[in-house]
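Biologist: Could you show me the model and walk me through the words you use for it? I would like to see how each label is earned.

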Amino acid sequence: MPPPKDVVKIAIQMVGAIPQLIELQQTKPLASVLKDVCDTWSLSNPERYALQYADGRQTYITESNRRDIKNGSILRLTTSPDQEAEQLYIGIQSKNVDVKTDSLKKLASLSQDITFAQEFINRNGLKQIYSIVEEGNDTGEMLAHTLKAFTELMEHDFVSWENLSTVFVKKIMSYVTMNAVDASIQQLSLSILENMVPTSRVFFEAVRKEVTLDRLLTHLQATNAQLQLKAMALLIALLLSANDAERRELMDTLREKNIRQFIHKNIVHSSEPLGDEMAHYLYVLQSVSLNLCEHRMKMSMDPYSQEQRDLLQSLRQAAFESESEVSAGTFSTERRRSLCAKEFRKLGFMNNSNPAEDLRRAPPGLLALDNMVYFSRNTPNAYSRFVLENSSREDKHECPFARSSIQLTLILCEILHIGEPCSETAQAFYPMFFGQDHFFEELFCICIQLVNKTWKEMRATQEDFDKVMQVVREQITRTLSLKPTSLELFKTRVNALNYSEILKLRQTERLHQEETLAVPVLELREKLKPELLELIRQQRLLHLCEGTLFRKISSRRRQDKLWYCRLSPNHKVLHYGDVEEGVQSPPIESLPEKIPVADMKMLLVGKECPHTKEKSSGKQNKDVLELAFSIVHDVEEYCLNFIAPTRYEFCLWTDGLNVLLGKEMTSERTQTDLDVLLSMELKLRLLDLENISIPDEPPPIPKPPSNLNFCYDFSHAEQ
């Protein structure tokens with residue numbers, strides 16, 4: 001007979017004693033449980049003791065987390081957190097260097113536990129840590145343990161980062177700017193500054209002033225991968241905390257320091273694989289850089305601005321310079337105005353008498369004008385060829401340069417998500433972005449020539465403008481999905497994907513769709529579905545058995561802490577636990593926490609998850625909502641919360657968990673995989689019917705014959 005729900009069977013260890021095997025009554029006060037345990041071992045003062053997990057992070061057991069204890073857990077009787085906090089509070093003030101160092105080392109380890117951290121902070125322990133940093137000149141092991149302990153204590157959010165003293169902050173910044181400091185201390189200092197910068201404008205300005213970009217770039221160019229990562233994290237924190245003007249100034253400085261070339265050569269194309277954290281920072285750097293275009297994108301043209309009118313006139317002069325010079329001295333004002341209007345019409349402006357009106361729409365606003373001017377000045381031959389080539393065509397067949405440029409700029413803004421806030425978890429950046437200065441403008445130059453090429457291939461007229469731009473959008477998105485490593489490679493591939501190739505791709509997709517819509521094929525699909533769905537279920541469970549590395553994300557920042565979760569081979573238990581950076585696939589025995597599948601009640605996703613309700617609901621967290629899911633187990637208050645690293649992992653895990661719960665797989669990936677498998681299976685089964693049209697109705701069955709005399713009689717067969 002299974003034990004009651006409120007009873008768990010556990011083992012309790014103590015150094016030098018025989019372990020106790022007890023049935024823990026979850027309704028019994030923890031103080032009473034401790035008294036019984038201490039009585040068994042003849043220990044007095046049970047209030048001086050506490051229970052903690054023997055494996056993993058060795059978390060202290062409290063009334064709030066005791067329900068997480070599972071059958072078979074191994075606990076250890078140890079000194080209570082308040083006693084430990086008191087001892088370490090005294091130890092870190094010792095005059096004996098060895099005692100002080102050992103106390104700080106133990107403090108750094110125990111501070112990961114929230115119960116201990118609260119006890120230590122309640123004793124004003126942080127003040128002692130401030131003193132060690134502010135008054136000490138040590139830059140060795142003792143300081144490293146001090147900074148590690150400080151980081152772990154602050155992680156629990158009991159104390160605001162804004163409360164840090166100016167002296168403490170200056171000392172931390174000095175460790176980053178000094179040369180003769182151990183790399184581990186510089187890593188911790190960079191991490192502290194990264195956390196500190198977003199919390200206060202004062203801190204942002206102080207760090208920006210003291211920790212120069214030159215110094216940050218020195219760390220970024222270090223061979224130590226962790227130091228490089230922390231330097232990039234602080235750089236990103238500075239960029240995200242800056243206002244628009246400061247952000248632009250920082251990006252200009254980075255451009256002057258050739259940071260792009262360094263990232264492209266030494267990080268993007270490094271021999272070492274790119275970690276998730278660094279990929280995210282590169283995505284943010286790309287996003288921040290592209291979003292510098294947002295201001296011009298949202299600004300309509302001002303017809304009274306002389307500067308903007310001069311830019312507009314420069315387009316006309318660059319294309320029709322010789323004609324303009326001749327006409328300027330020969331014709332009257334009215335004649336010149338008429339000639340200008342004609343030239344603006346040749347340039348492809350819809351409102352040739354007042355071309356500024358074409359640029360009043362925002363987005364793309366003045367960004368379209370900037371792109372046209374950049375194209376005319378940096379590739380004058382291509383610009384002249386585009387305009388003059390279309391000027392010589394019939395009016396209805398000419399490709400309008402200005403109109404195409406305005407629409408193309410809008411398409412590129414949408415594809416590159418310009419004007420959208422940075423995602424908290426995304427890692428998708430374009431390697432070619434870091435291989436080119438003026439990336440957006442150079443991309444435009446390639447794509448506007450693609451528009452002209454596609455226009456000619458389609459033999460388009462003015463009425464086909466929207467169709468041409470749809471094809472161009474498809475050409476760009478299909479090519480970008482291949483992640484070309486340089487703009488030259490992008491140019492080669494996008495030009496190879498001509499209109500006829502797009503038609504072939506569309507026809508293949510359409511034929512595939514038509515094939516799968518025939519009635520007999522639909523019936524066959526339905527018969528094949530159960531078998532293929534079972535195959536998908538097995539694949540999902542296999543993926544859960546292999547496990548996934550998840551990151552812990554707080555409302556304050558992306559966390560460095562990792563944890564791993566995997567399903568046991570017999571599909572009966574979920575194992576999980578914290579792991580160190582660099583661990584790819586930890587063995588199941590190293591994951592101390594467990595959830596029996598039988599105890600799982602339901603799966604929550606998105607806004608229903610408790611850890612998403614704690615976060616703000618702004619745009620910044622939209623991506624987190626799309627990747628969040630939780631397992632409710634035992635009783636509804638207890639949840640294991642996940643933030644999937646990618647949408648793909650989210651789909652596989654939610655599907656797998658639904659299979660374990662005996663429910664239908666509901667992710668979009670299930671439908672995609674099912675379609676792919678059905679398509680392959682149908683093609684294999686229909687190979688013999690290639691080029692034979694399948695009728696919608698089955699052929700009629702002929703009437704039975706009037707007699708069966710034509711049948712062979714085996715009874716008269718020769719012996």
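**How the labels are earned**

Modeller: Happy to! Let us start with His417, which is found in the loop between α21 and α22. Keep in mind that this is a predicted model.

Biologist: Why is His417 called partly exposed?

Modeller: Buried means under 20% relative accessible area and exposed means over 50%, with partly exposed in between. His417 has 45% relative accessibility, so it counts as partly exposed. His417 also has a positive phi of about 60 degrees, although it is not a glycine.

Biologist: And what makes Arg459 exposed?

Modeller: The cut-off for exposed is over 50%. Arg459 has a relative accessible area of 71%, so the label exposed fits. Arg459 lies in the loop between α22 and α23 (465-480), and its phi is near 50 degrees, again a positive value in a residue other than glycine.

Biologist: How do you know that the span of helix α19 agrees with what is expected?

Modeller: Helix α19 covers residues 366-378, which is 13 residues. The expected span is 1.5 Å times one less than the number of residues. That gives 18 Å for α19, and its end C-alpha atoms are 18 Å apart, so the two agree. Helix α16, with 14 residues, reaches 20 Å from its first C-alpha to its last, close to the 20 Å expected.

Biologist: Why is α19 called mostly covered?

Modeller: Under 20% relative accessible area counts as buried, and ten of the 13 residues in α19 are buried. Among them are Leu366, Asn371, Tyr374 and Phe375. The cover includes α16 (306-319), α20 (380-391) and α22 (439-458).

Biologist: What comes in the loop between α18 (333-346) and α19?

Modeller: Pro363 lies there, and Pro364 is found there too. The peptide bond from Ala362 to Pro363 is cis, with omega near -5 degrees. The bond from Pro363 to Pro364 is also cis, with omega near 10 degrees.

Biologist: Now for the whole protein, with its 30 helices and eleven strands. How do you know whether it is more spread out or less spread out than a compact globule?

Modeller: We compare the radius of gyration with the globule rule. The rule gives 27 Å for 719 residues, and the protein has 34 Å, well over that, so it is more spread out than a compact globule. Along its principal axes, the C-alpha trace spans about 110 × 110 × 40 Å.

Biologist: And how much of the protein is buried?

Modeller: Buried residues make up 47% of the 719 residues.

Notes
Residues are numbered from 1 along each chain as its sequence is written. This is a predicted model: local features need pLDDT of at least 70, side-chain atom pairs count only at pLDDT 80 or more; totals for chains, interfaces and linings use all residues. Side-chain values use heavy atoms; hydrogens and water are left out. Helices (H or I, at least four residues) and strands (E, at least two) are DSSP runs, numbered from the N terminus. Buried means under 20% relative accessible area, exposed over 50%, partly exposed in between (1.4 Å probe, protein chains only). Contact means heavy atoms within 4.5 Å. The radius of gyration is taken over C-alpha atoms; the globule rule is 2.2 Å times the number of residues to the power 0.38.
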